[in-house]
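Here are some notes for a colleague who is coming to this structure without prior acquaintance. Please read them with the sequence and the model open alongside.

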Amino acid sequence: MTRFSNECARARAAQAAWSQRPIRERLSPIREFRYRLVESAAALCSAAQADVKRSPDELVATDLVPTASAAKFLERRAASILAPRRVGDRPLWLWGCRDTVHRRPRGVVGLIGTWNYPVFLNAVPILHALAAGNAVLWKPSELAPRSAEILHELFLHADFPPDLIQRLPATRDAGPALVESAIDFLHFTGSEPVGRAIARRLGERLIPSTLELSGCDAMFVLKDADLDLAAKLARYGSTLNHGQTCMAVRRVLVARPAFAAFLERLRSLLSPDRPDLAMPGEADHRERLLAAAKAAGCEVIEGNPTVIVNANGERNLAANREALFAPLLTVTPFDSLDEALERDGETKLKLTASIITSDTEAARILAARLPVGCITINDVIVPTAHPGTPFGGRGASGWGSTQGMEGLLEMTVPQVITNRSGKFRPHAESGSSGDVPRGYLRLVHGRGFRERWRGFRQLLAGLRAGRTS
């Protein structure tokens with residue numbers, strides 16, 4: 001018997017009953033959760049501050065507001081998104097068929113949560129899973145146990161059945177145990193190395209997943225950009241939550257004519273703070289990246305964020321390839337967009353990107369060439385929390401989507417039900433001639449009237465042969 005087998009069994013029993021409830025009944029507790037989230041804001045802020053030193057003001061803005069918005073999105077849109085969909089435009093050979101696509105819940109969803117946004121990054125996939133009719137086994141981060149306890153209480157007090165959403169121990173060993181349990185789907189938010197290990201094991205077990213992994217995200221500052229805005233966004237994007245954000249701005253690629261002026265503006269915005277990081281190992285990682293940059297001849301400007309000035313355009317700096325949860329920013333000039341795209345390709349992490357320019361059309365052309373999940377034009381990070389848009393990475397940043405219609409559908413599987421009327425089934429006749437499909441192919445898809453007429457005659461001959469045999 002694997003660990004969490006009892007929890008899985010209880011969750012599966014609760015899910016069987018929950019999935020049979022009308023969608024409107026499943027959405028009622030989500031509304032109650034949203035109300036209670038507002039009422040528990042102070043308690044959640046205190047817990048997150050104790051867990052991972054989150055500023056209360058920042059937590060409200062980056063966790064509570066988007067979580068409440070995600071809940072309201074589900075209240076308004078989930079019923080229509082999950083409604084059965086009739087499929088028309090059927091081919092002639094399926095005459096009499098009526099096809100409907102239903103979205104069925106996956107069953108028991110395992111969720112391995114993260115700590116840096118302890119409410120938003122845990123609550124949203126849980127809400128999507130529950131709205132879709134699933135049960136959830138949630139393993140919170142060991143770094144945010146207080147936040148997880150309060151969040152779980154909100155779900156229970158919102159009248160979700162107790163066994164439907166179960167909080168597992170917030171321990172490091174509980175994650176691998178959940179991966180080995182009898183779940184039907186896994187949602188993981190965390191680092192790329194751990195995500196790779198989870199993907200390997202889930203692949204062996206043929207368990208589908210959504211993986212939200214690391215980033216090393218780029219900002220493109222084009223020559224016509226508002227440099228004051230670009231500098232402010234670079235500072236904000238690299239220092240939000242003390243740089244402990246998967247889609248933090250890590251690399252700024254600046255058109256060479258704007259390079260010196262951008263650096264001057266950025267330098268004026270640096271603060272002397274040295275923020276406390278939740279994971280001490282990230283401070284050591286930061287020092288290794290700085291040492292490698294200095295050894296490559298780069299200038300380092302101390303501050304918050306610390307800035308690596310890659311004026312000589314050194315290739316493949318570790319700071320431009322690796323994920324980091326600390327406020328560190330590399331600034332590199334480029335002479336053409338092709339060069340900028342080449343430099344962007346130095347990392348396999350493809351989460352988000354931002355483009356700062358006064359030419360929106362140029363930004364959209366550039367965006368089409370960037371293989372990342374989300375792109376913001378003249379802003380960073382904040383727009384990605386829109387409750388109606390999907391979020392997810394590519395490459396080494398993972399797969400699958402959360403948020404929006406796509407995130408909700410991710411928690412379901414399609415099931416097609418076809419109902420055929422009448423008694424005409426030429427394919428089931430024992431004497432059916434091969435002239436039937438051949439004639440149909442020529443009749444419907446042949447070139448020109450003559451070919452289609454020959455197909456029609458061949459089709460009729462085949463049908464007659466089937467009836468007389």
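1. The largest pocket is a convenient place to begin, and in this predicted model its volume comes to about 880 Å³. It is lined by 38 residues, and those closest to its centre are Phe188, Gly190, Ser191, Val194 and Met279.

2. As to where that lining comes from, at least two residues each are supplied by helix H7 (174-179), strand S6 (185-189), helix H8 (192-205) and helix H11 (280-295). The largest share of the lining of this pocket belongs to H8, which gives six residues.

3. Turning to enclosed space, the structure holds two cavities of 30 Å³ or more, and the largest cavity has a volume of about 60 Å³. The residues that line the largest cavity are Asp217, Ala218, Met247, Val249, Thr352, Ala353, Ser354, Thr376, Val380, Ile381 and Thr384.

4. Two strands, S8 (217-221) and S14 (352-356), each supply at least two residues of the lining of the largest cavity, and the largest share, three residues, comes from S14.

5. One residue of that cavity lining, Thr376, deserves a separate look, and a reader may ask whether threonine 376 is buried or exposed. Threonine 376 lies in strand S15, which covers residues 374-377, and it counts as buried because its relative accessibility is 9%, where the cut-off for buried is under 20%.

6. Leaving aside residues up to four places away in sequence, threonine 376 touches Ala353, Ser354, Ile355, Ile381, Pro383 and Thr384. Among these partners, Ala353, Ser354, Ile381 and Thr384 also appear in the lining of the largest cavity.

7. For the chain as a whole, there are 16 helices and 18 strands, and the C-alpha trace spans about 90 × 55 × 40 Å along its principal axes. Of the contacts between residues at least 6 apart in sequence, 72% join residues that are at least 24 apart.

8. The chain has 469 residues, of which 52% are buried. Its accessible surface comes to about 21500 Å², and carbon and sulfur atoms account for 53% of that surface.

9. Finally, on charge, the chain carries 61 positive and 50 negative charges, and the mean positions of these two sets are 12 Å apart.

Methods. Residues numbered from 1 in each chain as written. Predicted model: local features only at pLDDT ≥ 70, side-chain atom pairs only at ≥ 80, totals over all residues. Heavy atoms only, no water. Helix = DSSP H or I, 4+ residues; strand = E, 2+ residues; numbered from the N terminus. Buried < 20%, exposed > 50% of the residue type's maximum accessible area, 1.4 Å probe, protein only. Contact = heavy atoms within 4.5 Å. Areas by Shrake-Rupley, 256 points an atom, 1.4 Å probe, with all protein chains shown as cover. Lys, Arg positive; Asp, Glu negative; His and termini not counted. Charge placed at Lys NZ, Arg CZ, Asp CG, Glu CD. 1 Å grid on protein atoms, 1.4 Å probe; cavity = no way out; pocket = protein on both sides within 12 Å on 5 of 7 lines; lining within 4 Å. Points joined across faces, edges and corners; volume = space filled by probe spheres on them.
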